[in-house]
Amino acid sequence: MGNRDIRKKPPLFADDIAVVKRHYDAQSDAYLVMGTHQRPDLKKPFNVVAWHSRHNKKLIDIKTFDSQTGARAHFSAALTAPEAPEHPLLDRDWQKDRLYKWENSFLNDSSARINKKEALALIRRVCKDYNISEPELEWCAAKKGGAAYVIDEHKIYFSDRDAVSLLHELAHAIDAVRHDKEPDSGAEHAPAFVWLAIELYNRYAGIRMDYMIVSANNAGLLGDLQENQMLFSTAAMDRAP
Ligand SMILES: [Zn+2]
């Protein structure tokens with residue numbers, strides 16, 4: 001079972017291989033694929049296991065195997081690994097600006113203004129429901145605008161004055177705790193994060209789930225819904241706040 005290094009050869013794309021198995025990971029917005037590839041200069045096709053992002057089909061972290069058994073074993077092992085490998089093509093924050101734009105266009109009108117007391121009450125409620133410790137709230141001057149959650153301080157800096165902006169940062173806090181994120185890891189806005197944020201906007205800001213799912217999906221923010229059916233059916237259940 002050779003592990004031939006084919007990285008020096010021309011790049012391989014998902015369409016170059018006959019895909020046998022495929023898994024979509026909403027956390028990294030990437031696919032893990034297993035398949036066979038027939039190179040023109042070789043007699044027999046070889047088996048490939050690799051990753052590619054949703055927005056670029058170039059295969060990365062390519063492992064090749066003579067036998068399909070070896071490829072299957074590697075595919076299964078990679079599935080149990082927590083996440084896709086670090087790679088520039090698997091930039092998990094590539095849709096950040098697109099998410100901000102969607103929130104500004106579709107949610108601003110439904111996002112209630114909140115004062116500090118209401119913000120603290122909202123933080124308490126969300127953190128109790130999601131079983132995380134409450135992040136500290138720094139109530140910054142409103143004229144600055146913006147909001148940020150800082151992982152290693154477990155603290156939200158808040159200049160915005162609306163519920164959706166606070167819930168967005170709380171989604172970052174939940175995401176960081178759930179996935180045990182490194183203090184210096186940047187904010188990530190992958191589809192898994194967008195689903196979590198949407199869940200919060202529905203439960204605590206009362207924004208309709210179907211409205212958000214349709215518009216966010218049209219903006220391409222929700223990942224691969226075909227592969228995400230479980231996630232979809234869970235999040236699609238409107239829960240009373
Ligand atoms: Zn964010």
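Colleague: Which residue in β2 is the bridge partner of Asp 25?

Modeller: Keep in mind that this is a predicted model. Strands β1 (residues 18-25) and β2 pair in the antiparallel sense over 7 bridges, and they make a hairpin with 4 residues between them. Asp 29 sits in that turn with a positive phi of about 55°. On the β2 side, the partner of Asp 25 is Ala 30.

Colleague: And what stands opposite Tyr 31 in β3?

Modeller: β2 pairs with strand β3 (residues 46-53) too, in the antiparallel sense and over 8 bridges. In that pairing, the β3 residue opposite Tyr 31 is His 52.

Colleague: Why is β2 described as largely enclosed by the rest of the structure?

Modeller: Strand β2 covers residues 30-37, 8 in number. It's largely enclosed because the buried ones among them number 6.

Colleague: How many residues does the second, separate core have?

Modeller: Ala 30, the bridge partner of Asp 25, turns up here again, since this core includes Ala 30 along with Leu 32, Val 48 and Leu 59. The count for this second core is 17 residues.

Colleague: Which element gives the most to the largest nonpolar core?

Modeller: That core has 34 residues, and Leu 166, Leu 167, Leu 170, Val 194, Ala 197 and Tyr 201 have the most contacts inside it. Elements supplying at least two residues each include α3 (116-129), β6 (147-150), α4 (163-178) and α5 (191-205). With 9 residues, the top contributor is α4.

Colleague: Leaving aside neighbours within four places in sequence, which residues is Ala 197 in contact with?

Modeller: Ala 197 is one of the residues with the most contacts inside the largest core. Once those sequence neighbours are set aside, its contacts are Leu 167, His 168 and Ala 171.

Colleague: What share of the contacts with a separation of 6 or more comes from residues 24 or more positions apart?

Modeller: The protein chain has 7 helices and 7 strands, running β-β-β-β-α-α-α-β-β-β-α-α-α-α from the N terminus. For residues 24 or more positions apart, the share of those contacts is 56%.

Colleague: Which element has the lowest mean pLDDT?

Modeller: The chain averages 87, and 88% of the residues score at least 70. Over residues 230-241, though, pLDDT stays under 50, with 14 contacts beyond four places in sequence in the model. Where pLDDT is low, don't read the predicted coordinates in detail. While α3 has the highest mean at 97, the lowest, 47, belongs to helix α7.

Technical notes. Residues numbered from 1 in each chain as written. Predicted model: local features only at pLDDT ≥ 70, side-chain atom pairs only at ≥ 80, totals over all residues. Core = buried A, V, L, I, M, F, W, Y, C linked by C-beta atoms within 7 Å. Buried ≥ 20, exposed ≤ 12 C-beta atoms within 10 Å, placed from the backbone. Contact = placed C-beta atoms within 7 Å. pLDDT = per-residue confidence, 0-100. Pairing = 2+ DSSP bridges.
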